[in-house]
Every structure is written in C-alpha cells, then in structure tokens.
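Good morning, and thank you for coming. I would like to guide you through one protein structure, beginning with its sheet and then turning to its helices.

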Amino acid sequence: MIDLHCHLDGSITPEIAKKLARLQNIELPSKTDDELIRKLSVPQTCQSLNDFLECFGLPLRLLQTKQGISEAVRLVQEDCKAQGFEYLELRFAPQKHCVNGLNQDEVVLAALDGLKKSDLHTNLILCLMRADVNQKENLETIEVAEKYLVKDEGVVALDLAGAEALFKTKDFKEEFLLAKKKNIPFTIHAGEADGPESVWSAIESGAVRIGHGVRIYEDPSLVEYVAEHKIPLEMCPSSNRCTRAVEDMENYPLRSLMEKGVKVTINTDDPAILRTTLKQEYEYIEKKYGITFDEKTQFLLNAVESAFCSDEYKKILKEKINGR
C-alpha cells in the first residue's frame with residue numbers, strides 16, 4: 001500500500017496519543033478511551049473543512065517537543081508498516097510545532113530523527129499554512145525544506161494546507177515562486193473547500209500534484225488540462241465526504257475522472273481523525289463505485305509514478321505491485 005497524502009497530526013490514534021502523553025508527562029483531557037476517541041476524531045455533525053480543522057488541537061499539543069515529534073513519526077510509521085505499507089509520504093507544518101519554543105529547524109530535525117527509527121520507506125513533505133499573518137513563517141519553511149532536501153528518506157517536497165476557502169491559493173504565488181527558484185517540488189491542497197479556480201492557481205504556481213483536487217469536475221476544461229498534462233490528484237474519499245467537498249457521495253467524481261484519463265491516487269488524509277485506514281478507503285471505493293482489482297492496481301501505479309521519491313525506489317515499488 002502507498003499513501004501520498006497523510007498528515008502527521010491527523011494520524012495520532014488514541015493508542016499513539018496515550019504513548020506520547022506518557023512520554024512527555026502530559027495529562028490527556030479524557031478519562032476514558034471513548035472520550036479520547038471523541039477528542040481525536042471528527043464528529044458526524046462535521047459540515048465543512050473549517051469544522052474539520054478544529055479537531056487538530058489535541059494532536060498538536062502532543063507534538064511540541066523534540067521527543068514527542070520524533071516518537072510520533074516513528075509510531076505512525078510503525079502503524080502504517082503493520083497495515084502492509086510499502087511507502088508513505090508524511091506531511092506536517094513545522095510552524096505549527098513551535099508553540100513551546102522549538103524553531104522550525106529543530107522540528108524538522110526531530111522528525112528526521114523519528115524517520116530513522118523505522119524501516120518503513122517514508123518521506124516528509126513540509127506544509128506552508130494558509131493565513132494572512134504568517135508569510136515570515138512560510139518563507140522560513142521553504143528555507144528549511146531547501147536545507148534538508150533529499151531524493152529519499154527525508155524532506156522531499158513542500159505543500160500548502162489550511163483553510164482554502166478563506167485564504168485563496170492565488171495569494172501564495174510569491175512563496176511558490178521562491179520554491180521553484182530553489183528547485184523544491186511541491187503539491188498544493190486545492191479544489192477541496194474552494195473550486196476549480198483554486199486548482200488553476202495551484203497549477204499556475206507550479207504544483208506538480210494536487211492535494212484532493214476533487215472539485216475539478218466543476219470545470220470540464222480543467223479536467224481536460226489535468227488529464228492531458230498528467231497532473232496527479234491525491235484523492236481522499238472519506239475526507240471529502242466528511243468535509244462536504246462533495247455534497248453527495250453518489251456524485252463523487254472518482255470514476256468519471258478516471259474515465260477521462262485523470263491520474264488518480266487514493267489516500268487517507270487524516271486517518272486517525274477520520275477513523276479510517278488506507279485499506280478501508282479502498283474497500284469503500286470498491287463497494288461504492290465498483291472499483292476493480294485492475295483499477296486499484298492502476299491507482300497504486302499512479303501513486304508510484306507521482307511519488308516524491310527516487311527513480312530507483314519507484315522501480316522497486318513497481319516490481320512489487322506488478323508481482324502481486
């Protein structure tokens with residue numbers, strides 16, 4: 001299994017949360033496992049991406065020390081390894097982990113330390129955040145990404161995450177122009193809470209992948225462009241259902257985008273917050289949309305081709321997939 005779109009703070013399961021709390025002498029605000037699950041996962045009443053983003057408070061509290069960040073990265077990798085993963089891209093925003101005095105450099109070094117403690121092949125994506133008062137922090141993230149950029153098993157790319165409808169993609173072109181100058185590849189969350197114009201802006205900024213991108217179906221010319229230029233979509237069905245990126249999942253455009261030649265990949269986004277796994281995502285689309293074994297194999301091959309990893313490791317992944 002391969003997940004290209006997975007957030008570190010959205011992967012803190014109750015079991016991981018309890019381990020991180022004990023490690024750092026943090027008292028959890030929940031007395032029972034059921035209460036903890038409710039604190040760490042989105043309610044059924046979620047109505048939008050903004051509601052969804054409110055669930056990250058507790059996970060982020062547990063990710064404010066070098067020790068906590070390192071151990072969280074290790075534990076998430078081990079969790080994914082137990083699920084049968086062959087490759088994982090784990091993303092986080094260094095600026096969100098500086099509440100207790102760490103700087104972004106220290107945050108990334110802690111994550112890299114955790115990366116080394118698991119043998120699951122994992123790469124890191126550093127997220128810029130959507131806001132109107134944090135350009136300094138975003139520019140610092142770009143500098144840190146350049147400092148630690150590698151082809152494999154380290155920092156491999158950038159991203160832009162956060163409240164897409166409130167802070168438009170087009171307003172971050174300056175940051176991504178800098179990233180391009182530094183030859184740092186990047187994906188951008190777009191076409192989730194905002195419409196096709198957000199995806200157009202991401203493409204114009206130089207994004208080589210689109211996080212979610214589900215709403216490209218609203219603009220047929222955009223669908224055609226994305227298909228023609230083989231721009232991968234990091235689709236996350238359960239997340240899109242939860243945040244109402246698509247109001248009715250009967251109309252979820254997965255199959256129609258596939259049929260139009262769009263390079264689709266299937267991912268979890270925030271597995272702990274959504275109470276899902278990558279296996280469950282594939283089971284869902286198989287049951288809901290009749291996705292076949294061959295089509296699932298194609299999603300995996302799409303993910304390999306789209307991954308921010310070395311050509312050497314892509315070859316290994318393709319051989320494993322084709323040998324299934």
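Let me begin with a term: a residue is called buried when its relative accessible area is under 20%. The structure before you is a predicted model, and with that term we can look at strand S4. By this criterion, seven of the seven residues of S4 are buried, and the strand is mostly covered.

Where does S4 sit in its sheet? It is one of the edge strands: S4, residues 155–161, and S1, residues 2–7, each pair on one side only. The open sheet has four strands, arranged in the order S1-S2-S3-S4, and their pairing is parallel. As a reminder, strands of a sheet pair through backbone hydrogen bonds, in either a parallel or an antiparallel way. On average, and ignoring direction, neighbouring strands here are turned by 25 degrees against each other.

Let us consider two of the pairings. S4 is joined to strand S3, residues 122–129, by six bridges in the parallel sense. Within this pairing, leucine 126 has leucine 158 of S4 as its bridge partner. At the other edge, S1 pairs with strand S2, residues 87–92, over four bridges, again in the parallel sense. There, histidine 7 has arginine 91 of S2 as its bridge partner.

I turn now to helix H15, residues 293–306. Its 14 residues, at 1.5 Å a residue, should span 20 Å, and the end C-alpha atoms are indeed 20 Å apart, so the two values agree. Is this helix enclosed or open? Ten of its 14 residues are buried, and H15 is therefore largely enclosed by the rest of the structure. Among these buried residues are Phe299, Leu300, Leu301 and Val304. What do the buried residues of H15 pack against? Their partners include strand S1, which we met in the sheet, as well as helix H14 (278–289) and helix H16 (311–322).

Finally, I would like to show you a pair of helices. Two packed helices are described by the angle between their axes and the distance between those axes. For helix H9, residues 196–205, and helix H10, residues 220–228, the angle is about 35 degrees and the axes lie 10 Å apart. Their crossing is left-handed. On the H9 side, the contact is made by Pro196, Val199, Trp200 and Ile203; H10 contributes Ser221, Leu222, Tyr225 and Val226. Of these contact residues, seven are nonpolar, one is polar and none is charged.

Thank you for your attention.

Key:
Residues are numbered from 1 along each chain as its sequence is written. This is a predicted model: local features need pLDDT of at least 70, side-chain atom pairs count only at pLDDT 80 or more; totals for chains, interfaces and linings use all residues. Side-chain values use heavy atoms; hydrogens and water are left out. Two strands pair if DSSP finds at least two bridges between them. Helices (H or I, at least four residues) and strands (E, at least two) are DSSP runs, numbered from the N terminus. Axes are lines fitted to C-alpha atoms, for helices over the stretch in contact, and angles run from 0 to 180 degrees between N-to-C directions. The expected span of a helix is 1.5 Å times one less than its number of residues. Buried means under 20% relative accessible area, exposed over 50%, partly exposed in between (1.4 Å probe, protein chains only). Contact means heavy atoms within 4.5 Å. A crossing is left-handed if the near helix is turned anticlockwise from the far one by less than a right angle, and right-handed if clockwise. Ala, Val, Leu, Ile, Met, Phe, Trp, Tyr, Cys and Pro count as nonpolar, Asp, Glu, Lys and Arg as charged, and the others, Gly among them, as polar.
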